[in-house]
Amino acid sequence: MDPISAVSEELGQIDGQIADIFRVLSNGFQKLEKIKDVNRQSRQLEELTEKMRECKRLIKDFDREVKDMESRNDPNTNKMLNEKKQSMIKELNSYVALKKQHAASLESNKRVDLFDGPGEELNEENVLLASSMTNQQLMDHGNQMMDETDHAIERGKKIVQETINVGTETAAALKAQTEQMSRIVNELDSIHFSIKKASQLVKEIGRQVATDKCIMAMLFLIVIGIVAIIIVKLVNPNNKDIQDIPGLAPPAQSRRLLWFPN
């Protein structure tokens with residue numbers, strides 16, 4: 001029998017679920033490395049991320065159960081359970097790091113190069129145009145192109161600055177939303193754990209009530225039997241098939257008075 005299941009059946013079930021998720025994550029990342037399509041890689045990574053969230057919730061449940069049982073277990077058992085929890089956290093962190101690595105690789109594959117140079121056809125056209133110009137025209141045209149380039153650079157700088165500002169505001173908003181979602185997830189985990197504890201308590205109360213009902217039914221049958229025996233003994237005191245009840249006096253014998261006339 002698994003040592004964790006020997007300590008608690010609930011801990012054994014949680015440990016089994018976490019082990020199943022770790023196997024799914026291992027196979028999923030191996031499959032992800034073989035996928036070439038970017039969209040399929042993105043979907044596979046989202047599925048693995050959802051599995052990691054579920055694993056994190058189960059580890060929290062495991063930790064709560066360990067803390068609830070800490071006062072009832074011996075030091076060696078508590079040490080074994082804490083080491084198991086640390087091992088789970090370490091393995092989950094390794095998959096989180098692997099997920100970040102694949103996400104960065106996926107993002108780099110989607111990135112588009114925005115600084116491509118002009119094509120060969122445009123270069124040939126510029127050469128033909130330059131060959132038909134005088135030196136002054138070439139200088140004027142060059143100055144014009146430089147001015148246009150300066151203006152384009154300035155516009156690019158403004159766009160970059162606006163993009164940085166928008167990105168900063170977006171990052172701050174995302175950080176606040178992430179913290180809020182984290183708090184909500186923790187509260188949901190606590191509610192889920194409380195519901196599980198309440199369900200277990202209701203089951204235990206139900207078993208106790210059923211046991212009490214059985215005991216009351218047996219006592220009722222015993223009392224009915226004793227009353228029936230007493231009634232039978234009172235109605236038919238000479239019945240020898242029914243033994244006298246301990247503590248109950250036997251029926252009085254009828255007396256005959258002898259009378260002698262003078």
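**Figure 1. Val 24 in helix α2 of the predicted model.** Val 24 counts as partly exposed because its relative accessibility is 37%, a value between the limits of 20% and 50%. The residue belongs to helix α2, which spans residues 9-34 and has the highest mean pLDDT among the elements of the protein, 90. Apart from neighbours within four places in sequence, Val 24 is in contact with Leu 48 and Lys 51. A further pair shown here is Val 24 and Met 52, whose C-alpha atoms are 10.0 Å apart in space, with their positions 28 residues apart in sequence.

**Figure 2. Gln 44 and its surroundings in helix α3.** Helix α3 covers residues 38-69, and Gln 44 is part of it. The relative accessibility of Gln 44 is 10%, and the residue is therefore counted as buried, the limit being under 20%. With residues up to four places away in sequence left out, Gln 44 touches Gly 28, Lys 31, Leu 32 and Ile 35. For Gly 28, the view also shows a distance between polar atoms: 3.3 Å separates the backbone oxygen of Gly 28 from a polar atom of the Gln 44 side chain.

**Figure 3. Thr 49 in helix α3 and its distance to Tyr 95.** Is Thr 49 buried or exposed? Thr 49 counts as buried, because its relative accessibility of 16% is under 20%. Helix α3 is the element in which Thr 49 is found. Tyr 95 is 46 residues away from Thr 49 in sequence, while the two C-alpha atoms are 9.3 Å apart in space.

**Figure 4. The largest pocket and its lining.** The volume of the largest pocket is about 720 Å³. Its lining consists of 23 residues, and those closest to the pocket centre are Thr 49, Met 52, Arg 53, Lys 56 and Val 185. Which helix supplies the largest share of the lining? Helix α3 does, with 11 residues. At least two lining residues each come from α3, α4 (75-110) and α6 (135-235). Sorted by class, the lining has 10 charged, seven nonpolar and six polar residues.

**Figure 5. Glu 65 and its contacts.** Glu 65 is another residue of helix α3. Its relative accessible area is 5%, which is under 20%, so Glu 65 is buried. Not counting residues up to four places away in sequence, Glu 65 touches Glu 10, Leu 11, Ile 14, Phe 193 and Lys 197.

**Figure 6. Residues 112-125 and helix α5.** Over residues 112-125, pLDDT stays under 50. The model has one contact beyond four places in sequence for this stretch. Helix α5, residues 120-131, has the lowest mean pLDDT among the elements of the protein, at 49. For the protein, the average pLDDT is 78, and 78% of the residues score at least 70.

**Figure 7. The close-up views in the setting of the chain.** The protein contains six helices and zero strands. Read from the N terminus, the order of its elements is α-α-α-α-α-α. Of the 262 residues in the protein, 17% are buried. Among contacts with a separation of 6 or more, 68% join residues that are 24 or more positions apart.

Terms used. Residues are numbered from 1 along each chain as its sequence is written. This is a predicted model: local features need pLDDT of at least 70, side-chain atom pairs count only at pLDDT 80 or more; totals for chains, interfaces and linings use all residues. Side-chain values use heavy atoms; hydrogens and water are left out. Helices (H or I, at least four residues) and strands (E, at least two) are DSSP runs, numbered from the N terminus. Buried means under 20% relative accessible area, exposed over 50%, partly exposed in between (1.4 Å probe, protein chains only). A polar contact is a pair of N or O atoms within 3.5 Å; within protein, one must be able to donate a hydrogen and the other to accept it, and residues adjacent in sequence count only if both atoms are side-chain atoms. Contact means heavy atoms within 4.5 Å. pLDDT is the predictor's confidence in each residue, from 0 to 100. On a 1 Å grid over the protein atoms alone, a cavity is a set of points where a 1.4 Å probe fits but cannot get out, and a pocket is an open set with protein on both sides within 12 Å along at least five of seven lines; lining residues have an atom within 4 Å of a point. Grid points are joined across faces, edges and corners, and a volume is the space filled by probe spheres set on the points. Ala, Val, Leu, Ile, Met, Phe, Trp, Tyr, Cys and Pro count as nonpolar, Asp, Glu, Lys and Arg as charged, and the others, Gly among them, as polar.
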